[in-house]
Amino acid sequence: MKLFFHKITNWEYWPFQVLYVPIYFLWAYYAIRARSFFFFNASNPKIKNGGFMMESKKQIYDLLPEKCYPKTILIKENTDFKTIADKVLEREIYFPLIAKPDIGLRGSGVKKIKTISELKDYAQKANFDFLLQDLIPFKNEVGVFYVRHPLEKYGKITGIVSKEFLIVTGDGKSTIENLIKQTPRFQLQFNVLKEEYGDQLDLILPRGETINLVPFGNHARGAKFLDGSHWVTPKLTKMINELAAQIPEFYFGRFDIMYNTFEELEQGENFQIVELNGAASEPTHIYDPKHSVWFAWKELARHITYMYEISVENHKKGIPYLEHKAGMREYRLHLAQNNKIMNF
């Protein structure tokens, strides 16, 4: 009951469908003006569906400068394990590595793979195409939201979110399970962690020792999001603009980036892109616990307005909106893919 009331009284845990109720009306208004429910398709012309649904992460990585993201291989569903192992060896991807669905859903199905047996188990269970990647070595992560109007040469950063991972610190007497249960944000992830770590959660962590139980900054997997929008500097804006300029016809979305120090990130050094998200991107700085739901609605409305304006301008240049029949087909595929991953 304690956790239930924690979720009810903290809007950041509200279901997506509930949080977005006011935004649906704004979406309907823009859909009427654009005469297309699927106007988002024109927001990023080189990304499938603008990056709103059914977009392949691998295809997006292929648009990025290769040095900017971890070594990545695409594994098709039902690929035999020998072929998978050969590909891993060929690309020189070493354990621990990251496995995740090629068409994903808010961190579902993402797993840190530590051994060959864990990789084999993941491959056998996966009923979807998935990616295998090097584990990014940098300790910090931010999400940088970027917007550029098609008629403008340079874009702007409209929000930054920093991320605190699901890390517990030992006191020399409590088990990892007890440490998890001391924090409501972490306790909400307990069932998933229990399934992943099993009896390891019964270990007592020495005083001062830390363990990162979820080594990627995903809100749905227990990471705490903090609004870092005050970190926007001319140097960082210049660096992001230079990066975005190398991505064909990219106008709207969020760079999720792991980096060493902020100063190095401003210089474009010692960082890697975890993912680039398109039209479905959220301005995730809204999930900072200090913000009200009114702030969240205002920011969501601001960013959907940006996406609408970009899509309309691209449409004027000849980029088609997704036809309704095709859009509904993509939406049904999207729902089916989500069910696969959620049941993984």
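Let's begin at the second largest pocket of this predicted model, which holds about 280 Å³ of space. Its lining is made by K67, C68, K235, K238, M239, E242, L243, Q246, E266, Q267, G268 and F271. If you look for the element that gives the largest share of this lining, you will arrive at helix 10, residues 234-245, with five residues. In chemical character, the lining of this pocket divides into five charged, four nonpolar and three polar residues.

Now let's move towards the N-terminal part of the chain. Here the unreviewed UniProt entry carries the annotation "transmembrane region" for residues 13-32. In the model, that stretch is 80% helix and 0% strand, and the C-alpha atoms at its two ends are 31 Å apart. On the surface, F16, V21, Y24 and F25 make a nonpolar patch of about 410 Å². Helix 3, which runs over residues 21-34, supplies the largest share of that patch, three residues. F25, one of the patch residues, has its place in helix 3.

Finally, let's turn to charged contacts. A search of the whole structure finds 19 salt bridges. One that deserves a look joins the side chains of K100 and E275, with 3.1 Å from N to O. K100 lies in strand 2 (residues 97-101) and E275 in strand 11 (residues 271-277), so this pair ties together parts that are 175 residues apart in sequence.

Methods
Residues numbered from 1 in each chain as written. Predicted model: local features only at pLDDT ≥ 70, side-chain atom pairs only at ≥ 80, totals over all residues. Heavy atoms only, no water. 1 Å grid on protein atoms, 1.4 Å probe; cavity = no way out; pocket = protein on both sides within 12 Å on 5 of 7 lines; lining within 4 Å. Points joined across faces, edges and corners; volume = space filled by probe spheres on them. Helix = DSSP H or I, 4+ residues; strand = E, 2+ residues; numbered from the N terminus. Nonpolar A, V, L, I, M, F, W, Y, C, P; charged D, E, K, R; others polar. UniProt positions renumbered as here; feature names shortened; annotations may be inferred. Patch = residues over 30% accessible without salt bridge, like charges linked within 9 Å, V, L, I, M, F, W, Y side chains within 5 Å. Areas by Shrake-Rupley, 256 points an atom, 1.4 Å probe, with all protein chains shown as cover. Salt bridge = Lys/Arg side-chain N within 4 Å of Asp/Glu carboxyl O.
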